[in-house]
Amino acid sequence: GGGKKSAENNAATSIKIDGSSTVYPLSEAVAEEFRTEQPNVNVTVGESGTGGGFKKFSRGETDISDASRPITAEEMEACKTAGINFIELPVAYDGLAVVVSKQNTFIDHITVAELKKLWEPAAQGTVKTWDQIRSSWPKEPINLYGPGTASGTFDYFTEAICGKKGASRGDYTASEDDNVLVQGVANDKGGLAYFGLSYFESNSDKLKLVPVDGGNGPIAPSQETVSNGTYAPLSRPMFIYVNTKAVERKEVQGFVKFYIENAEKLSKDVGSVPLQSNEYKMVLSRFAAKTTGTIFTEGKTSVGMSMADLLNKQEGK
Amino acid sequence: MFKDSLFKYFAIFCTSIGLIVLALLLFDIFSKGLTRIDWDFITNLPSRRPERAGILTALFGMMWIVTLTILIACPIGIAAAVYLEEYSSKNRFAKFIEINISNLAGVPSIIYGILGLEVFVRLLKLGNSVLAGSLTLSLLVLPVIIVATREAIKSVPNSLREASIGLGATPWQTIQRIVLPACFGSILTGIILAISRAVGETAPLIVVGALVYVPFVPQTPMDQFTVLPIQIFNWTSRPQHGFVVNAAAGIIILLLFVFLLNSIAIILRNRHNKRVKY
Amino acid sequence: MQKIKEKSIEAFLILCASITVFTTLGIIVILSIETFQFFREVSVFEFFTGTEWTPLFAIKKYGILPLVAGTLLTTLIAIAVALPLGLTIAVYLNEYADQRLKAVIKPLLEILAAIPTVVYGFFALTFVTPVLQKIIPSLSGFNALSAGLVMGVMIIPYVSSLSEDALSAVPKSLREAAYGMGSTRLQTAFKVMLPAASSGVIVSVILAISRAIGETMIVAVAAGQEPKFTFNPLQSIETITTYIVQVSMGDVPQNSLEFRSIFAAGITLFGLTFILNNISYWMKQKYQQKYE
Amino acid sequence: MYKLEARDIQLYYGQKHALKGISMAIKPNTVTAFIGPSGCGKSTFLRCFNRMNDLIDTCRIEGEILIDGRDIYKDRINVVDHRKKIGMVFQKPNPFPKSIFENVAYGLRINGITHKKFLEETVERSLRQAALWDEVKDDLKKSALALSGGQQQRLCIARTLAVEPSVILMDEPCSALDPISTAKVEELIHELKNKYTIVMVTHNMQQAARVSDRTAFFYLGELIEYDDTPTIFTNPAKEATQNYVTGRFG
Amino acid sequence: MYKLEARDIQLYYGQKHALKGISMAIKPNTVTAFIGPSGCGKSTFLRCFNRMNDLIDTCRIEGEILIDGRDIYKDRINVVDHRKKIGMVFQKPNPFPKSIFENVAYGLRINGITHKKFLEETVERSLRQAALWDEVKDDLKKSALALSGGQQQRLCIARTLAVEPSVILMDEPCSALDPISTAKVEELIHELKNKYTIVMVTHNMQQAARVSDRTAFFYLGELIEYDDTPTIFTNPAKEATQNYVTGRFG
Ligand SMILES: Nc1ncnc2c1ncn2[C@@H]1O[C@H](COP(=O)(O)OP(=O)(O)OP(=O)(O)O)[C@@H](O)[C@H]1O
Ligand SMILES: Nc1ncnc2c1ncn2[C@@H]1O[C@H](COP(=O)(O)OP(=O)(O)OP(=O)(O)O)[C@@H](O)[C@H]1O
Ligand SMILES: [Mg+2]
Ligand SMILES: [Mg+2]
Ligand SMILES: O=P([O-])([O-])[O-]
């Protein structure tokens, strides 16, 4: 795997990245900046989805896999059979924003319990008007918008809110493209949607952000509240997975280092949320130590834990 | 006579619907994207900053893909159509292929992507190369080319074949010198439609492993690549407004590219049709 | 020598024709392997009769009918647009329009088939749906109707251009005979020209239907991703193709049952087009017998 | 009064000047034959009478064609209704891709006639007149395209007769027929001229002499001579005509 | 020895029995005319000699056709080479959609001849033989489809002559020609028979009588009579023949 052998006299070397479309903008930004540093290294980035990315990764077709969720047991198994070891590196957060239309005047914040009532599978066909969620809200029909069921955002939201991956009502308007959701909810007075925070930031003129009360009072997602973990539980980490064999190549090593060092600055550029500065230090040392395997051992999820906690736990083990 | 003119106005109305939708689409796209197009947009590499991002690699990747796809699919498609029309005398095999082809035309493009990934990328070890992408698209457009070419061949009057055969031409000489030249115009129509389709395809190429961020122009058929529709698709799903403008600008370029292809083919077709009239 | 050349040319041609067979075989093999795995865990009966499709939810149901209904619904709407419009345009260009007009309009319309379908998707979502909502207030934001309508416009050139080609190929003498009998243009077109060109016209329509069934991006963007067993065009639905793209480009692990469901869906789609194609093939045979 | 009248017809195919100032008047209930070497414009002129040349884009026509005294090019005439009154039989047989029955019934159907009995009777009568009935009476449902060339042409004649036009234009109607069928058609033409005005193009001098009342000789787009048939064949005014009808021409 | 020989030919189009046991032998350097009413199988039989019926899917043939003593259906013969020796002119003119020059040069080109001078000479000679040269000599680059029907047919004859076959089959070659062209073609046939064996289908009794050495009369798929032309026309053995040639048939 890992690209053509660079034996040919000073031919450009290459690094292949593929995977999540959520992580894509960040990887693209890093690759772009890396060019000024090492113009002879051709970094390419694809977006065949986290699942598609891992498939290629587990066959040794890529050096680095972008992922918007931790690797699954099956995917790890596939890597193992192919003799591929990886280093798992969190690189940023994707904040999930709960939004309503600008025309909606009655929703000022929402609790996690209310979100659950609204989205849980049992709500399908029964929870139809807003007054069923909170009695002070009007008896107006509810229209829900959310990401497609095949997306990491859907998995994460359902797990964080309803407690189980994929536990969601089905009668909502789904689309894989968040811009499409923006269109939908913006013109729908009774609508509510959740999607990546960056899509709210670019459309704040049409949408109203709904602060979420996770137990410590309503908190609106922002770069700050997501990064420092106060906006819980709706922010999910994004990862890159690096093939340890590829790390033996100098350019890959250089690139990954460059990635971690610049992720903080660049993630703001592309609309995702950086980790805390100290967390990046931990990630860098994790990479330096070539710690293989995942932080998310059997059954553990990324929901409700700060990245620092997770990384610490791993170090401690 | 009244019905006649009624139909005429109805027909003009129908034609206008198509053209109006086209005009609306074009207006929408041009009003969004035209100002973004400048030399930099065409010659820049992809970038996270919408205003700095360009389509150089996507454009070249697309030209590679289209050229190779035409080179692969047209000969095969025309050859297959010739076999079905001129050689197989309606035997079972031909019937089987016929049904088979119309089935293939209905297979969603993403499934071709999966096929291409398994066969060209993995089995034949072509990697995520321009060649693997072109081969995949070739399979995708093959049914369109075959079906259209067959119709074209059918339209050639039998008397021409008889005359040629009667002069002692071999079947192949007859096909090559009489039949194909006589229906060249209609074949081109089919190819235009097929290639137009190939140019706009996104999903199968993503599956085959076309990338999005490619900071270099492919030099050989074995290089990695990206194409304009993938770049556009990526831009339309980005949150920042600047990328929406970029997407529109990209679409304009893509359309210009398609216009160029179409005009070449149409000029050829019209010139040809003028020459051949029964 | 000549004979060898002719034989080898024929062999080459057969090979080219066979490529389509290999393609089909490849598709079937690849789809079947995974589908086989899928059906080890999901009952075939449930798959084909279930009216709920929720492979990616916590409570998983594998009834394909909602996706089939969505696919048929959008295709029907699209054909209801493209067939009358496309045929009318073909007849108009062939029988009414003068050569210069035809030389302009035909390629213009062909552009419709060349526009990337993502663009149509957004057009349907951001333009057609809002306009329709003014007329039909109950229209949902994502719906089969506007996706189908726009898809119909997109496939117009498949019908109009190829049918027009077929009409042009009808011998001039037939048209003259029809006019000579005092037929109006309308009668000439529909009673003589269209029947004479029937085989080409049918082929063009089959091609358009196939295109509609296999179309992905328009329905993915504008028709929604909500598998519902309904034939109500005002609601949001999901087509088989949408589901396949959604999953194959998403986060789902690729060796899971969820992921395999796309192959089962793919085979269903393949079967669907297979049935349709055979029906139309049979119709074409019957129709042609009458006229040739 | 004349049934058909052409006044100084100039016809161009693009640059090509195909008819050069042709004037001619044809009386009702007569048979007129057009003769002349290949390419001289006989078909072209014949097609002026039912405006069939309208269908050719490059074709441009000047002058007047009067039918029953009305100029069919200048007056605001309904071309379609006009063509219904003028039947036409073509040089190459061109049956529709329909059954034999439907071919003959076509002209009635487009006039909205659906009465089954009447259709059947008309089809039979027309096929009999065209000397085809006996050969096809058991195969009326068969496609017309399966007939031989000669049968096809007779079918086309039957098709025209079915609508009972007042003028019948025939462009070498017998060129694909065997002598027996030809003789029948000639006989038929004789009968028909009591009711119809017939104009025919023919390459067959004997046919022209046998069938027609008046004969017009064309040469290189010009009308050289137009007179009673006996005169043309026995005592023509022009030498060119003389040479042509005696076969010395060329 | 005979040039062409048919032995008990049975031919079927699907179910239809189109030729019923035809046997015939034709000497070299003669002109043979096939006559008979429309649909009797003349064209079908003619097309057996160059295996043109092979092109029709439903067609099935039994019996032997010998050319220069070789059975072209049974022997392991190269059909293509065989057809080169047998020229054919068809009932309906069918020029290729190419220039006039290329139409005539086609037969040479497919034999690999590219020598310009030679092509030009052959094209001119063939066009002259077909009595078309004077009309087209300035327009050799023009599309053949722009010619009139008669001109097209003469072009098709020229096309066949260009490859100098040893047998020429003609299916009503003059049915679209005017008398002058017809006369020229008949003259040409006379000349050609010194070098070639000619078989032609014709509807024109006079033509058959004028041109041919032997005449075969077909009726309903059977060969009724085959004899020297004068015998057929003046003293036929069968009554049917008598009736047909005198026009009393029907
Ligand atoms: N559609 C056309 N475009 C250009 N030229 C044409 C067209 N039709 C006929 N011509 C030319 O016009 C002239 C007259 O043709 P026309 O068919 O009237 O001759 P004709 O006397 O009927 O000949 P024939 O006896 O061979 O049928 C010919 O020189 C022919 O080449
Ligand atoms: N391809 C075919 N399929 C079926 N039947 C055919 C086919 N070609 C000819 N026939 C039939 O075979 C018979 C003989 O046809 P053929 O064309 O040989 O007659 P012909 O003597 O040449 O008539 P004509 O003088 O009208 O050209 C006819 O009854 C015709 O209907
Ligand atoms: Mg003529
Ligand atoms: Mg014949
Ligand atoms: O592309 P995603 O895997 O992040 O949905």
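In this predicted model, helix H4 of chain C covers residues 99-114 and contains 16 residues. The distance from its first C-alpha to its last is 23 Å, close to the 22 Å expected at 1.5 Å a residue. At the start of H4(C), the backbone nitrogen of C:Arg100 has a side-chain oxygen of C:Asp98 within 2.9 Å. The buried residues of the helix include the nonpolar side chains C:Ile105, C:Pro107, C:Leu109, C:Ile111, C:Leu112, C:Ala113 and C:Ala114. The charged residues C:Lys102, C:Lys106 and C:Glu110 also belong to the buried set.

One residue of this helix, C:Lys102, is in contact with C:Ser168. C:Ser168 is located in helix H7 of chain C, which spans residues 156-168. Apart from residues up to four places away in sequence, C:Ser168 touches C:Asn94 and C:Lys102. The C-alpha atom of C:Ser168 is 9.3 Å from that of C:Glu95, although 73 residues separate the two along the chain. The relative accessible area of C:Ser168 is 37%, and this residue is therefore classed as partly exposed, a class that lies between the limits of 20% and 50%.

In chain B, B:Thr136 is part of helix H6, residues 130-154. Its relative accessibility is 1%, so B:Thr136 counts as buried, the limit being under 20%. When residues up to four places away in sequence are left aside, the contacts of B:Thr136 are with B:Tyr112, B:Gly113, B:Gly116, B:Phe120 and B:Val208.

Chain A has 317 residues, of which 62% count as buried. The chain contains 12 helices and 12 strands. Among its contacts between residues at least 6 apart in sequence, 74% connect residues at least 24 apart. The exposed area of chain A is about 11900 Å², and 48% of this area is supplied by carbon and sulfur atoms.

At the level of the assembly, 8 pairs of chains are in contact, and the pair sharing the most contacts is that of chains B and C. Chain A does not touch chain D, and the nearest C-alpha atoms of these two chains are 51 Å apart. Chain A likewise has no contact with chain E. For that pair, the closest C-alpha atoms lie 50 Å apart.

Two ligands were examined in turn. Ligand 1 is situated between chains D and E. The residues surrounding ligand 1 number 17, and the closest are D:Ser38, D:Gly39, D:Gly41, D:Ser43 and D:Thr44. By class, this shell is made up of 10 polar, 4 nonpolar and 3 charged residues. Helix H1 (42-48) of chain D and helix H6 (149-162) of chain E each give at least two residues to the shell. H1(D) makes the greatest contribution, with 3 residues. On the side of chain D, an N or O atom in the side chain of D:Ser43 lies 2.5 Å from an oxygen atom of ligand 1. A backbone N or O atom of D:Gly41 is 3.0 Å from an oxygen atom of the ligand. On the side of chain E, a polar backbone atom of E:Ala146 is found 3.4 Å from an oxygen atom of ligand 1. Taken alone, ligand 1 exposes 630 Å², of which the protein buries 81%.

Ligand 2 also lies between chains D and E. Around ligand 2 there are 18 residues, the closest being E:Ser38, E:Gly39, E:Lys42, E:Ser43 and E:Thr44. This shell comprises 11 polar, 4 nonpolar and 3 charged residues. Several polar atoms of chain E approach oxygen atoms of ligand 2. A polar side-chain atom of E:Thr44 is 2.5 Å from one such oxygen atom. For a backbone N or O atom of E:Gly41, the distance to an oxygen atom of ligand 2 is 3.0 Å, and for one of E:Cys40 the corresponding distance is 3.2 Å. The area exposed by ligand 2 taken alone is 630 Å², and the protein buries 81% of that area. Two or more residues of the shell around ligand 2 come from each of helix H6 (149-161) of chain D and helix H1 (42-48) of chain E.

Technical notes. Residues are numbered from 1 along each chain as its sequence is written. Chains are lettered from A and ligands numbered from 1 in the order in which they are written. This is a predicted model: local features need pLDDT of at least 70, side-chain atom pairs count only at pLDDT 80 or more; totals for chains, interfaces and linings use all residues. Side-chain values use heavy atoms; hydrogens and water are left out. A residue is near a molecule or strand if one of its heavy atoms lies within 4 Å of it. A polar contact is a pair of N or O atoms within 3.5 Å; within protein, one must be able to donate a hydrogen and the other to accept it, and residues adjacent in sequence count only if both atoms are side-chain atoms. Accessible areas come from the Shrake-Rupley method with a 1.4 Å probe; for residues, only the protein chains shown count as cover. Helices (H or I, at least four residues) and strands (E, at least two) are DSSP runs, numbered from the N terminus. The expected span of a helix is 1.5 Å times one less than its number of residues. Buried means under 20% relative accessible area, exposed over 50%, partly exposed in between (1.4 Å probe, protein chains only). Contact means heavy atoms within 4.5 Å.
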